[in-house]
Amino acid sequence: MRNYRAYRGLVELDLPESGVYRVAGTSGVGKSALLSAIPYLLGYGKSPTSRSVSWGEKTVEVEGTFQNGETAFTVSRGSSGFRLQYSGQTWSAKAAEDKLREILAVPTDLMECLTRRRQGVGGTFVSMENADRADLLVQ
């Protein structure tokens, strides 16, 4: 990430290939910003706005490489646009979003339900009744 919300300058995060992660810290250190970077990067979050850019900076970029077995892809999104690299090809803008959704194979409404949340409130999916969760996952 570069200049994304609470993160000024270049910040790199390298997570192990699998596991459960806990994000903890005092108020204002960037926990929510870190969590919002994932749907933003995958095209399910809003486009960059003045709130996305660190105070005093002019540009924002978030980039991530994801791998599942033999399949890997790199996505970058920010002031310079939206770009996807996959299987030796590169897509930009709307074509990148469409191809990424094809690769992820997660319906937009499900991804938004899993990732969109207000500050201090658990994700919508977590607060749903079990039957409603099951119906959404079956879709």
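Is K99 buried or exposed? At 18% relative accessibility, K99 counts as buried. The cut-off for buried is under 20% relative accessible area, so K99 falls inside that class. This is a predicted model. The report takes the salt bridges first, then the nonpolar core.

**Salt bridges**

The whole structure contains 3 salt bridges. Side chains of opposite charge can pair when their charged atoms come close. The table gives the closest N and O atoms for each pair.

| Pair | Closest N and O atoms | Location |
|---|---|---|
| E57 and R8 | 3.0 Å | E57 in the loop between α1 and β3, R8 in strand β2 |
| D98 and K94 | 2.8 Å | both in helix α2 |
| K99 and E102 | 3.0 Å | both in helix α2 |

Start with K99. Its partner is E102. The two residues sit 3 residues apart in helix α2, about one turn of the helix. Their surroundings contrast: K99 is buried at 18%, whereas E102 is exposed at 56% relative accessibility.

Helix α2 also holds D98 and K94. Here the spacing is 4 residues, again about one turn of the helix. D98 is partly exposed, with a relative accessible area of 42%. K94 reaches 54% and is exposed. Why do these two fall into separate classes? Exposed means over 50%, so K94 at 54% qualifies, while D98 at 42% stays partly exposed.

The E57 and R8 pair links distant parts of the chain. The partners are 49 residues apart. E57 lies in the loop between α1 and β3 (61-68). R8 belongs to strand β2, residues 7-10. Both ends are partly exposed: E57 has a relative accessible area of 32%, and R8 has 49%.

**Nonpolar core**

In soluble globular proteins, nonpolar side chains tend to be buried together. How many residues does the largest nonpolar core have? The count is 22. Those with the most contacts inside this core are M1, Y4, V62, F73, V75, L84 and L100.

Several elements contribute. α1 (31-41), β4 (71-78), β5 (81-86) and α2 (93-104) each supply at least two residues of the core. The largest share comes from α1, with 5 residues.

What does M1 touch beyond its neighbours within four places in sequence? Its contacts are Y7, G9, L10, V11, L34, A37, E61 and V62. V62 is, like M1, among the core residues with the most contacts.

Notes. Residues are numbered from 1 along each chain as its sequence is written. This is a predicted model: local features need pLDDT of at least 70, side-chain atom pairs count only at pLDDT 80 or more; totals for chains, interfaces and linings use all residues. Side-chain values use heavy atoms; hydrogens and water are left out. A nonpolar core is a set of buried Ala, Val, Leu, Ile, Met, Phe, Trp, Tyr and Cys residues joined through side-chain atoms within 4.5 Å. Buried means under 20% relative accessible area, exposed over 50%, partly exposed in between (1.4 Å probe, protein chains only). Contact means heavy atoms within 4.5 Å. A salt bridge is a side-chain nitrogen of Lys or Arg within 4 Å of a carboxyl oxygen of Asp or Glu.
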